[in-house]
Structures are given as structure tokens and as C-alpha cells.
Amino acid sequence: MEKNKIRFSKLGFIFAASGSAVGLGNIWKFPYIAGENGGGIFVLVYLLTIFFIGMSIFIAEVLMGRNTHSDAVSTYEILATKGKKIWKFAGFSLFIGLLILSFYSIVIGWILNYIVIALTNLPVNVKEAEIVFMDMLKIDYASQLFYFTIAMIIIVYTVTRGIKKGIERFNKILMPMLIIILSLMLFYSVSLDGFSKSLEFLFFPNIEKFHTSSIIVAVGHAFFTLSVGMAVIMTYASSVSREVNIVKTSIAIVLMDTIIAIVAGIIIFSILFTSGAEPGKGPGLVFITLPAIFYEMGVAGNVLAILFFISLAFAGLTSAISILEPMVMYLEKRWRVTRVKGTILTSIVLYVMGIFALLSNTTKFGKSLTFGSKNIFDWFDFLSASVMMPLGGIAVAVFVGYFMDKELIRKEILPIMGGFFYTIWMFSLRFIVPIAITLVMLNEIGILKI
Ligand code: PHE
């Protein structure tokens, strides 16, 4: 009885884990980085990384979490066959969440602000849309702070309610709604003139726009979008019941995440190309270009705008709570802090970091909060997604590949995966993941030049 209260149901886990995976990464980030990196080839590298690297790690994280029913640090410690004291530190990858969540909830705040804009008055053209967005970003930090605070309150409240009553319930309501809204928008975009051009853009490689630096963006994004490499999936899986088929469930979630990113891409680029706009617009794509196009579309555009920003908010919030949970679980299990206290404590740190990130985008404080080439907001994004999550992913792969009890892994995975795929999976964890990611990283730092 007690367990049912603190563990996900089978379906609950699927909703929660896909709620984590499907987020701003799919709807806000994927389309604009695909746009900046030339579409087709980028999408190809992204898909390859998801299926050869991301999925292996995803399965490994679920396996780890489900076997200990504990926080990430304890999970590494309990499962390590040797070097327990050192492996424990890999569990601290859960703190990458501080970096991610502080910029992530700011973006959720922008989205809440845009729901209001969609309901009241959309900007009439791209020029005005740019003024509206830049004004929010660079000058009006009071209202940014206001919406950021609301986002934080929703996230914190849900996590304090716990696995079942908070996280599972929240996802079970929001995820189906998100899927319905996106399906409606997809149907609509098929009828637009820009539809075929959007397919061409996403699926036909344009070599000219692709640089080797696009590879690191694609690899980093594959981690980000699946929520792997920072103990989020591991932590969710630690609250899962034993009946869940690790492999089938993981594949379903990875597929769902990928399909939703592609669908979001198709929707956004169809709208974009119909109006003749350019794809490579950066982070402002959904906040500047789209709202202006929505306005041009008249009443249909108004409805679309509201639906679009609501779906973005849903996607973002379900991911945000998953980023907070590992830290709360860690405090609960290792430091014996109550859930409510743990959540509040973590969110105070997050809130302060968030304020710095938020101010680093403003004209007034931007200069003093910029270090080298990036301001704090961009550093948080870059360090977490492109550096730390891939490193966290290597840790998971090497751990399951070399440091976990072989027998236990075989017993759990072999019967449901079959010998052939088991061998590929193991090979991927032991060799492909560590080598591929190390090469990508060395290339990025400049030690190696592909
Ligand atoms: N996967 C989420 C997205 O695509 C972001 C996320 C990253 C969630 C890391 C959890 C952990 O938006």
C-alpha cells in the first residue's frame, strides 16, 4: 500500500518520463537549431545520435534506477561492483539540473507571458514582434521576473505533492492535452502552402550550411531532448514498479520524443515558409517570427497562437518538474530532509541563479554578467546541454558497460531484448558512446580537428 503511494503506475511512468523528454527542447529549441544548422543533415546527425547513443543510455538509466529505488548518488554507490566511493560522484550529475532549470524556467516564464500576449494583442508584423520580444528580454525585467516566479511556483508546488499526487497526476493531464493540440496543429499545417517546403527543409540535407560545430550541437541536443546524462530518467525509474518492461518502455518514450520534435518542426516550418520567412532565426524563432505570422493569419492565427503557447507551456512544465525531482530525492534520501523542505531549499538556490541568468539578458546588467563570449544565461545552456550532459552520459555508459554486475544486467535485459540486440546495446555502451562523445568533445575544445 505504502509503495503504491510513492511509486508510478506503469502508465504513470510512461507519461512522466515522456513528459520529461518532451519539452522546450522539442518545440522551441529543435526547430531553431535545425534552422540555424541547415536542416536536413543536422536532423540526420540528431536522429543517428538518438538511436545509437541516446537510446542505449536511456535504457541503461532506467535499468539503474529501477534496481535501487533510490536517489542517483546512492544508485551509483549501491550498484558499483568496485570503486563505490568514486562512482558516487557520478551521481552528482543530478546537480546539472540547477543550471538547466534556472534558464529553463525563465523560458517557461516567457511562454506564460506569450499566452497573455496571444490572448490580448499579437504584434502586427515581424518588426513589432521583435520590439515586443526584445523589450521583454532586455528592458522589462520586472514582468520577466513575475512570469518566471509563476513558473517556479507551479513547478515547486507539483514536486512538493510527490510522485503520485504531484508528478504522475500532472503529467497524466498535461501530456494527452499536449498531444491533442499538436495533432490539431499538424492537421492544419498539412493544408498550408509551406508544408512541402518544410518537409524538404527538414529531410533533405543542405551540406553548405552544415559545419562540424553543428555535430556537437546535434549530439548535445540528443542528450538534452531525451533528458539523459543527468540522472533525471534514472531518478524517475527509481520510482517505477517492477512490472515495467524496461526496453519496450524506453523505446516507446524515445520514439514519442523524436516524433514530437519532428512534428513540431513540421508545424513551425510550414507556417514559416507559408509566409515566406527565413528559418535561421535563432531562439527568437517562436517568439518573434511566429507571433507575427499568427497575426497575419487572422482569426485562425489567433486560435493557433493560443494553442501553440499553451502546448509549449505544458511541454516545458512537465520537463521542469523532472529536473527538480532528482535533487529533491537526493536531499530526501541522503540528508533525511522532508520533501517539502527539500523542494523549497532547492528552489531558493534555483531562484537566485535564475535571477542572475535573467538579468544577464538585460541591457542594464548584461555587460557585468557576461563572461567571455557568453552571458550567464547562455553559459548555463551551453555548459549543461553541450558539455555536462554528454559527460554524464559517458558516465552512465561506462558504468553499466564495465562496473555493474554483469549477471544482474543479463538477467534483466537479455530476456526482453534478445541476444542480438543485447550484444549491440552492450557494444554501444562500452565502445560507441564513450569513444564517439569523447571525439566530439575533443573536437569542440579544439584538441582535435575533424
Ligand atoms: N528533455 C527536455 C526537453 O527536451 C529538457 C530536459 C533536459 C529535461 C534535461 C530533463 C533533463 O526540453
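## Ligand shell

A residue counts as near a molecule if one of its heavy atoms lies within 4 Å of it. In this predicted model, 17 residues surround the ligand. Ala21, Leu24, Gly25, Tyr104 and Phe224 come nearest.

Which elements give two or more residues to this shell? They are α2 (10–21), α3 (24–36), α7 (96–119), α12 (212–226) and α16 (299–335). By residue class, the shell holds nine nonpolar residues and eight polar ones. No charged residue is part of the shell around the ligand.

## Polar contacts and burial

Three contacts to ligand oxygen are listed here by residue.

- Leu24: a backbone N or O atom lies 3.0 Å from an oxygen atom of the ligand.
- Gly25: a backbone N or O atom lies 2.7 Å from an oxygen atom of the ligand.
- Tyr104: an N or O atom in the side chain is 2.6 Å from an oxygen atom of the ligand.

Each of these pairs counts as a polar contact because the cut-off for N and O atoms is 3.5 Å. Leu24 and Gly25 use backbone atoms, whereas Tyr104 uses its side chain.

How much of the ligand does the protein bury? Taken alone, the ligand exposes 320 Å². The protein buries 100% of that area.

## The largest cavity

The structure holds two cavities of 30 Å³ or more. The largest has a volume of about 120 Å³. The ligand takes up the space of this largest cavity.

The lining of the largest cavity has 17 residues. Ser20, Phe224, Ser227, Ser319 and Ile323 lie nearest its centre. Phe224 is also among the residues that come nearest the ligand. The elements α2, α3, α7, α12 and α16 each give two or more residues to this lining. The lining divides into nine nonpolar, eight polar and no charged residues.

## The second largest cavity

The second largest cavity has a volume of about 30 Å³. Its lining consists of Ile216, Val219, Gly220, Ser386, Pro390, Ile437, Val440 and Met441. Two or more residues each come from α12, α19 (376–403) and α21 (419–445). Six lining residues are nonpolar, two are polar and none is charged.

Helix α12 thus appears again: it supplies residues to the lining of the largest cavity and to that of the second largest cavity.

## The largest pocket

The largest pocket has a volume of about 790 Å³. It is lined by 37 residues. Tyr32, Glu36, Pro283, Asp378 and Asp381 are the closest to its centre.

Where does the lining of the largest pocket come from? At least two residues each are supplied by α3, α8 (126–139), α12, α15 (285–296), β2 (374–375) and α19. The lining divides into 16 nonpolar, 12 polar and nine charged residues. The lining of the largest cavity, in contrast, has no charged residue.

Both α3 and α12 supply the pocket lining, and both give residues to the shell around the ligand.

## Backbone outliers in loops

Which residues other than glycine have a positive phi? His69 is one of them, with phi near 50°. His69 sits in the loop between α4 (40–68) and α5 (72–79).

Ala231 is another, with a positive phi of about 70°. Ala231 is placed in the loop between α12 and α13 (232–237).

How values were computed: Residues are numbered from 1 along each chain as its sequence is written. This is a predicted model: local features need pLDDT of at least 70, side-chain atom pairs count only at pLDDT 80 or more; totals for chains, interfaces and linings use all residues. Side-chain values use heavy atoms; hydrogens and water are left out. A polar contact is a pair of N or O atoms within 3.5 Å; within protein, one must be able to donate a hydrogen and the other to accept it, and residues adjacent in sequence count only if both atoms are side-chain atoms. Accessible areas come from the Shrake-Rupley method with a 1.4 Å probe; for residues, only the protein chains shown count as cover. On a 1 Å grid over the protein atoms alone, a cavity is a set of points where a 1.4 Å probe fits but cannot get out, and a pocket is an open set with protein on both sides within 12 Å along at least five of seven lines; lining residues have an atom within 4 Å of a point. A molecule sits in a cavity or pocket if more than half of its atoms lie within 2 Å of its grid points. Helices (H or I, at least four residues) and strands (E, at least two) are DSSP runs, numbered from the N terminus. Ala, Val, Leu, Ile, Met, Phe, Trp, Tyr, Cys and Pro count as nonpolar, Asp, Glu, Lys and Arg as charged, and the others, Gly among them, as polar. Grid points are joined across faces, edges and corners, and a volume is the space filled by probe spheres set on the points.
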